[in-house]
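Please find below a colleague's note on the structure shown here, set out as numbered points for checking against the coordinates.

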Amino acid sequence: MEKKTNQFKAEMAEMLDLVVNSLYSKKEIFLRELISNASDAIDRAKYLGLTQKELVADNPEWRIDIRVDSKAGTMAVEDNGIGMDADDLEKSLGTIASSGTKAFRQALKEKGGDALPELIGQFGVGFYAAFMVADRVRVVTKKRGSDKAYVWESTMQDGYTVEEGEREGFGTTIMLHMRDDQKEWLERWRVEDLVKKYSDFIAYPIRFARVDPAKDEKEEDRKRREENEAKPINTMVALWKRPKKDVKPEEYAEFYRHLTRDWEDPLETIPFSGEGQVEFKALLFLPKKATMELFMPDRKRGLSLYVRNVFIGDDMEMLLPPWLRFVKGVVDSSDLPLNVSREMLQDDTTIQKIKQAVTSKILSVLEDMKKKDAAKYDSFHSTFGSVLKEGIYGDWTNADRLKKLVKYPTARGESGKKTFLEDYVKDMAPGQKDIYFICAEREEAARSAPQTEAARKHGCDVLLFCDPVDDFLAESFREFDGHSLVDVARGEVQFGTDEEKKAEKERGEKAGGELKDFMEAVKKELNGKVSDVRVSTRLDGSPCCLVAQSGAPSPSMVRMMRAMNEPVPEEKRILEINADHPLVRKVAAMDGEQRAKAVEMLYGAALVAEGSPVPDGARFTKALYELMMK
Ligand code: ADP
């Protein structure tokens, strides 16, 4: 193979520039990134070696070595993991997914330069952090299963070269030629500090060695140095296997950052072990915020599964239901066969049992948090509440527990405050049997929707379903604690005690009789826009509103279907009028063109009130202006 010089892809050059030339406070993370990559490379070699024995025929003692040459000003990070061939080098060190670049730039814009070191790891550009401390990086690598070694080299400015080379044994060496002002990292104590701080739990021994000891080194110094160099710097004990009381919160937090590439501490750390049917150890985390992975569907990772210390995989949905996809962490079990393929694991009964246990544990942690730390729970809920809600319609076995964990704003509540359903039930009006809700796109629109008026007049609060998932949820929520969930903007609803309902019905019938001709005329004026006109039981204060027939999609559902280019069933709604309202009585007394105009205005106002567009806005406003002039 000839030596090839390649330019970095355009967006990549821009990103490298950002990485290296922005202001950052923590250049030190370069070592964490290189060690993580080395550890990943060994994980992969070990995993592939389970089924392809020839890849590990050299029977390696897995190791990560840091070799420093202070005269030459270099640091090499060396592993005997999977290695890379020419193709891998091109794919891994020559490009990054352009979706990644875009998301990176966006995140940088939002978070500012200080977040850069953390973003680097998250976006799969960890390797390039090397350029924060080095002005030239040389990668010498030989892939297991291949007999060719390759050398990748770059100074960043002039792209990179790839050529064939020599390497003893399999694995990868990353050689950093340190920048003049970054030589401090070549000291043993600096490296030791960094490894202890960021990489202590890495499962393979990390050793430090000087390749250029002083010529006049005393015999005893040499001995001490060599002894030191033989000892790994890291403790290597898998954190999830250590008793909880022996692990410091910082250690958990650092492990969490290593695992997720998040830059903040986790909201909650959950170490636990499964006993009984299946034995396993787990270390789970609830993040504080949704991680950047949300922008990058191809990088979604779930829990990492280890079987007897071998990393098997971190496929998204293997150990977690989709509605817990924000949970991060590690599960380690010795009850699983090592040589099982990732595909087979999906259906494995042991995996299913672990999944159930993990799910149940997380639910109980959330239940506990809800009871003991309302502020923390609220912060969790505001970030991941809508993901949890998906479980209510997707997961029958856990729906009942989930219903107790979700919160809603209510018509009576202040904006920004949310209520659990059990608190709603505690506060129900005397005689109230059902739980009322209304679907709308925006909380404020829902809070003042005319359809909630009568409910509130009877002392009943109304849950405001304003999250996009709530519309779907409304269908499957059905009941809570024996109370049906009833949409106040759909079908027929009546409020109050049985007597009040009876009286209301009689009043409605009487008013319906009086206004019969008027309502028929309105229906005609509206010329097919509504399926019916009737006297309302849900209004108090507003002259009219639109309601859906029971079973019909809600207005926000219809808007969403339109946005998704789904065919929307032509569903006509019902115009309900408030028979007691003076305006209704006034319009009823009109006739001719005056009444036609007034009816059109009433209909348009009902649409505006619920946040729906008026079909002919210009015509509506013109009529409004005319009216105002009068
Ligand atoms: P990430 O590790 O998040 O994918 P990096 O920029 O750190 O992003 O690395 C890019 C890719 O380069 C890795 O995914 C891996 O395929 C490859 N790579 C990096 N370091 C090594 C190594 N020491 N051994 C084998 N492959 C490596």
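The points that follow take up the sheet, the helices lying across it, several salt bridges and one helix pair.

1. The model is a predicted one, and side-chain atom pairs were counted only at pLDDT 80 or more. Every value below should be read with that origin in mind.

2. The sheet is open and has 8 strands, which follow one another in the order β1-β6-β5-β4-β7-β3-β2-β8 with mixed pairing. Its edges are formed by β1 (4-6) and β8 (206-210), each of which pairs on one side only. From one strand to the next, the twist averages 15°.

3. At the β1 edge, the neighbouring strand is β6 (residues 159-165), and the two run antiparallel, joined by 3 bridges. Lys4 can serve as a point of reference here, since its bridge partner in β6 is Val162.

4. Two helices can be placed against the sheet. Helix α2 (residues 29-51) lies across β2 (64-69), β3 (74-79), β7 (171-178) and β8, and runs at about 25° to β3. Helix α7 (residues 188-198) lies across β2, β3 and β8, and its direction is at about 170° to that of β8.

5. A search of the whole structure returns 54 salt bridges, of which a few are taken up here. Side chains of opposite charge can pair when their charged atoms come close. Arg207 and Glu61 form one such salt bridge through their side chains, at 3.9 Å from N to O. Because Arg207 belongs to strand β8 while Glu61 sits in the loop between α2 and β2, this pair ties together parts that are 146 residues apart in sequence. With a cut-off of 4 Å for a salt bridge, the value of 3.9 Å still qualifies. The partners differ in their surroundings, for Arg207 is buried at a relative accessible area of 13%, whereas Glu61, at 47%, is partly exposed.

6. Which residue forms a salt bridge with Asp65? The partner is Arg67, and the closest N and O atoms of the pair are 3.7 Å apart. Asp65 is buried, with a relative accessible area of 7%, while Arg67 is partly exposed, with a value of 31%.

7. Within helix α8 (residues 219-230), Glu226 and Arg222 are 4 residues apart, which is about one turn of the helix. They form a salt bridge whose closest N and O atoms are 2.9 Å apart. Glu226 counts as partly exposed at 37% relative accessibility, and Arg222 also counts as partly exposed, at 28%. Elsewhere, salt bridges that share partners join Arg32, Glu33, Glu254, Arg257 and Asp265 into one network.

8. The last point concerns helix α11 (residues 349-372) and helix α12 (residues 374-394), which pack at an angle of about 140° with their axes 8 Å apart. The two helices are therefore oblique to each other, because only angles over 145 degrees would count as roughly antiparallel. Their crossing is left-handed. On the α11 side, Leu366, Met369, Lys370 and Lys372 take part in the contact, and they meet Ala374, Lys376, Tyr377, Phe380 and Leu388 of α12.

Key. Residues numbered from 1 in each chain as written. Predicted model: local features only at pLDDT ≥ 70, side-chain atom pairs only at ≥ 80, totals over all residues. Heavy atoms only, no water. Pairing = 2+ DSSP bridges. Axes fitted to C-alpha atoms, helices over the stretch in contact; angles between N-to-C directions. Contact = heavy atoms within 4.5 Å. Buried < 20%, exposed > 50% of the residue type's maximum accessible area, 1.4 Å probe, protein only. Parallel < 35°, antiparallel > 145°, perpendicular 65-115°, else oblique. Left-handed = near helix turned anticlockwise from the far one by under 90°.
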